[in-house]
Amino acid sequence: MMDSEKYLGIYKTRRQGNSVTVTIPKEANINAGTELAVTQTSAGIIYVPIKPTKKTNRYATQAAKNHNYQQDIDDLGYDPNTQPPVGSERINDSW
């Protein structure tokens with residue numbers, strides 16, 4: 001083992017739906033929801049946490065500010081914001 005490695009124990013996998021999961025101990029300091037890159041090697045499986053990227057508001061970009069949304073409505077032939085729901089759309093969900 002390298003100096004930066006720390007043995008955290010042995011954990012048993014379990015089936016969850018169509019997947020197999022393994023518990024990650026709290027001592028690993030990995031928060032819930034963290035994405036992991038998984039690599040299979042001849043020595044075993046390596047899990048590496050992926051640093052989250054900063055989420056941006058795609059509508060606050062200069063490209064969005066310069067976009068001609070009226071042209072999109074003209075191309076569609078209707079304004080989607082004024083159309084009543086026709087199926088089981090979830091119209092009250094907040095983004």
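Which residues form a nonpolar patch on the surface? In this predicted model, the patch consists of Tyr11, Val22, Val38, Ile45 and Tyr47. Together these residues have about 460 Å² of accessible area. One of them, Tyr47, lies in strand E4, which covers residues 44-49. Tyr47 is partly exposed, because its relative accessible area of 45% falls between the limits of 20% for buried and 50% for exposed.

The overall make-up of the chain is considered next. The protein chain contains two helices and four strands. Along the sequence, these elements follow the pattern β-β-β-β-α-α. Of the 95 residues in the protein chain, 2% are buried. The accessible surface of the chain amounts to about 9,600 Å². Carbon and sulfur atoms account for 51% of that surface. Contacts between residues at least 6 apart in sequence were also examined. Among these contacts, 0% join residues at least 24 apart.

The strands E1 and E2 form a hairpin. Strand E1 spans residues 13-16, and strand E2 spans residues 19-22. The two strands pair in the antiparallel sense, over four bridges. Thr13 stands opposite Val22 of E2. Val22 also belongs to the nonpolar surface patch. Two residues lie between the strands of this hairpin. Here Gly17 adopts a positive phi near 65°.

The loop between E2 and strand E3 (36-41) holds Asn29. Most residues other than glycine have a negative phi. Asn29 is not a glycine, yet its phi is positive, at about 55°. Asn29 is also exposed, because its relative accessible area of 69% is over the 50% limit.

A second hairpin follows the loop. E3 and E4 pair in the antiparallel sense, over six bridges. Two residues join E3 to E4 in this hairpin. Thr41 has Gly44 of E4 as its bridge partner. Ala37 stands opposite Val48, which is likewise in E4. In a regular strand, side chains alternate between the two faces of the sheet. The patch residue Tyr47 is also located in E4.

Helix H2 comprises residues 69-76. At the start of this helix, Asn68 makes a contact through its side chain. A side-chain oxygen of Asn68 comes to within 3.2 Å of the backbone nitrogen of Gln70. Just after H2, Gly77 has a positive phi of about 90°.

The segment after H2 includes Thr82. What does the side chain of Thr82 reach? Its partner is the backbone oxygen of Asp79, at 2.9 Å. Thr82 counts as exposed, because its relative accessibility of 55% is over the 50% limit.

Terms used:
Residues numbered from 1 in each chain as written. Predicted model: local features only at pLDDT ≥ 70, side-chain atom pairs only at ≥ 80, totals over all residues. Heavy atoms only, no water. Patch = residues over 30% accessible without salt bridge, like charges linked within 9 Å, V, L, I, M, F, W, Y side chains within 5 Å. Areas by Shrake-Rupley, 256 points an atom, 1.4 Å probe, with all protein chains shown as cover. Salt bridge = Lys/Arg side-chain N within 4 Å of Asp/Glu carboxyl O. Buried < 20%, exposed > 50% of the residue type's maximum accessible area, 1.4 Å probe, protein only. Pairing = 2+ DSSP bridges. Polar contact = N/O pair within 3.5 Å; in protein donor to acceptor, adjacent residues only side chain to side chain. Contact = heavy atoms within 4.5 Å.
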